[in-house]
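Here's a quick tour of the charges, the core and the surface of this one. Have the model open and follow along.

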Amino acid sequence: MMSFLNRLLPKRFRKTGLSIPVVRLHGTIMAGGSQFKQTLNIATVAPMLEKAFAKKDAPVVAISINSPGGSPVQSRLIYQRIRALAEEKNKKVLIFVEDVAASGGYMIALAGDEIFADPTSIVGSIGVVSGGFGFPEMLKKIGVERRVYTAGENKVILDPFQPEKEGDIEYLKTLQLEIHKVFIDMVKSRRGSRLGEDSTIFSGLFWTGTRGLELGLIDGLGEMRDVIKRRFGKDAKLELIGGTRTLFGRRVPGVALGSANLGEIASGATAGLAEGLEERAMWSRFGL
């Protein structure tokens with residue numbers, strides 16, 4: 001009946017071809033964010049995911065990932081939301097890696113029933129890293145004395161203005177091992193028998209899409225448009241699910257920009273500079 005009614009409509013109003021919702025998850029994974037830079041976290045991503053999975057006629061949701069990683073908590077929250085919606089709406093999830101899906105980016109990719117990448121994409125980096133700087137000698141040189149008062153002997157653990165302590169480092173490594181185990185268990189659970197026997201898979205190394213396919217980290221090599229048309233026919237269309245726009249017209253996933261005074265803008269720009277340097281370091285680790 002619907003097909004008959006569709007033919008009665010003028011051609012420009014006819015609904016032709018299957019529409020596949022597409023969600024783009026591009027950027028570093030961090031809690032918070034601002035109007036000056038795009039980050040991925042559950043707050044920014046959730047509205048787009050909800051909208052994509054609400055498309056009743058679509059048998060799958062396609063997700064494009066381009067992320068060097070970031071917060072393991074936010075990565076896991078996004079992963080869990082994708083899986084929960086997929087089960088609730090009874091839809092398959094196809095993940096497509098662009099430049100990189102590494103560390104937290106790959107953790108999110110695990111939410112896919114199938115993962116595709118370009119032969120030159122970077123995938124993997126299944127590990128945990130923490131970094132920072134130490135400034136105790138600098139304080140001495142400029143004649144500054146740091147004064148800290150605490151209740152709790154470990155309240156200033158890993159303080160960058162104090163000399164490194166062996167006990168602090170050991171404690172941090174314990175936390176990293178716990179998080180690493182969660183990551184490893186997720187990979188084994190989602191990839192199962194598809195994983196190769198290579199002992200370096202969980203070492204933190206990363207690989208090209210070609211090698212990732214051999215290791216079982218992905219399921220195929222291919223670009224989103226080509227894969228979708230092969231699966232669902234040449235008339236299948238990609239429908240990009242977008243978020244709201246920022247002060248500068250840039251689209252940010254699920255974030256509405258409220259009113260901001262000049263002080264807030266300046267403050268955000270300053271904070272964004274530091275965050276930008278950190279973000280740049282994350283991308284450059286993969287040669288991007």
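Let's start on the outside: Glu-98, Asp-99, Asp-118, Glu-223 and Asp-226 come together on the surface as a patch of negative charge. Keep in mind that this is a predicted model. From there we'll move to the nonpolar surface, the salt bridges and then a well-covered strand.

**Surface patches**

- Asp-99, one of the residues in the negative patch, sits in strand 5, which covers residues 92-102.
- With a relative accessible area of 39%, Asp-99 counts as partly exposed, because that label spans the range between the buried limit of under 20% and the exposed limit of over 50%.
- There's a nonpolar patch on the surface too, made up of Met-138, Ile-142 and Val-144, and together they offer about 280 Å² of accessible area.
- Met-138 belongs to helix 5 (residues 136-141), and its relative accessible area of 41% makes it partly exposed.

**Salt bridges across the chain**

- How many salt bridges are there? The count comes to 11.
- One of them pairs Arg-83 with Asp-113, with 3.6 Å from N to O.
- That pair ties together distant parts of the chain, 30 residues apart: Arg-83 is in helix 3 (residues 72-89), while Asp-113 is in the loop between helix 4 (104-109) and strand 6 (114-117).
- Arg-83 is buried, at 12% relative accessible area.
- Asp-219 and Arg-191 make another salt bridge, and their closest N and O atoms are 2.9 Å apart.
- This one also links distant parts of the chain, 28 residues apart, with Asp-219 in the loop between helix 7 (209-215) and strand 9 (220-221) and Arg-191 in helix 6 (residues 166-191).
- Are the two partners buried or exposed? Arg-191 is buried, at 2% relative accessible area, whereas Asp-219 is partly exposed, at 27%.
- Arg-194 joins in as well: Arg-191, Arg-194 and Asp-219 are linked in a network of salt bridges.

**A salt bridge within one helix**

- Arg-211 and Glu-214 form a salt bridge, with 2.9 Å between the closest N and O atoms.
- Both residues lie in helix 7, three residues apart, so the spacing is about one turn of the helix.
- Glu-214 is exposed, with a relative accessible area of 55%, while Arg-211 is partly exposed at 30% relative accessibility.

**Strand 4, covered on both faces**

- Where does strand 4 (residues 60-67) sit? The rest of the structure largely encloses it, since eight of its eight residues are buried.
- In a regular strand, side chains alternate between the two faces of the sheet.
- On one side of strand 4 you'll find Val-60, Ala-62, Ser-64 and Asn-66, and on the other Val-61, Ile-63, Ile-65 and Ser-67; all of them are buried, so both faces are covered.
- Which strands pair with strand 4? Strand 1 (residues 19-26) runs parallel to it and is joined to it by five bridges, and strand 5 pairs with it in the parallel sense over seven bridges.
- To find the strand 1 pairing on screen, look for Val-22, which stands opposite Ala-62 in strand 4.
- For the strand 5 pairing, look for Ser-64 and its bridge partner Phe-96.
- Strand 5 brings us back to the start, as it also holds Asp-99 of the negative surface patch.

Technical notes:
Residues numbered from 1 in each chain as written. Predicted model: local features only at pLDDT ≥ 70, side-chain atom pairs only at ≥ 80, totals over all residues. Heavy atoms only, no water. Salt bridge = Lys/Arg side-chain N within 4 Å of Asp/Glu carboxyl O. Helix = DSSP H or I, 4+ residues; strand = E, 2+ residues; numbered from the N terminus. Buried < 20%, exposed > 50% of the residue type's maximum accessible area, 1.4 Å probe, protein only. Patch = residues over 30% accessible without salt bridge, like charges linked within 9 Å, V, L, I, M, F, W, Y side chains within 5 Å. Areas by Shrake-Rupley, 256 points an atom, 1.4 Å probe, with all protein chains shown as cover. Lys, Arg positive; Asp, Glu negative; His and termini not counted. Charge placed at Lys NZ, Arg CZ, Asp CG, Glu CD. Pairing = 2+ DSSP bridges.
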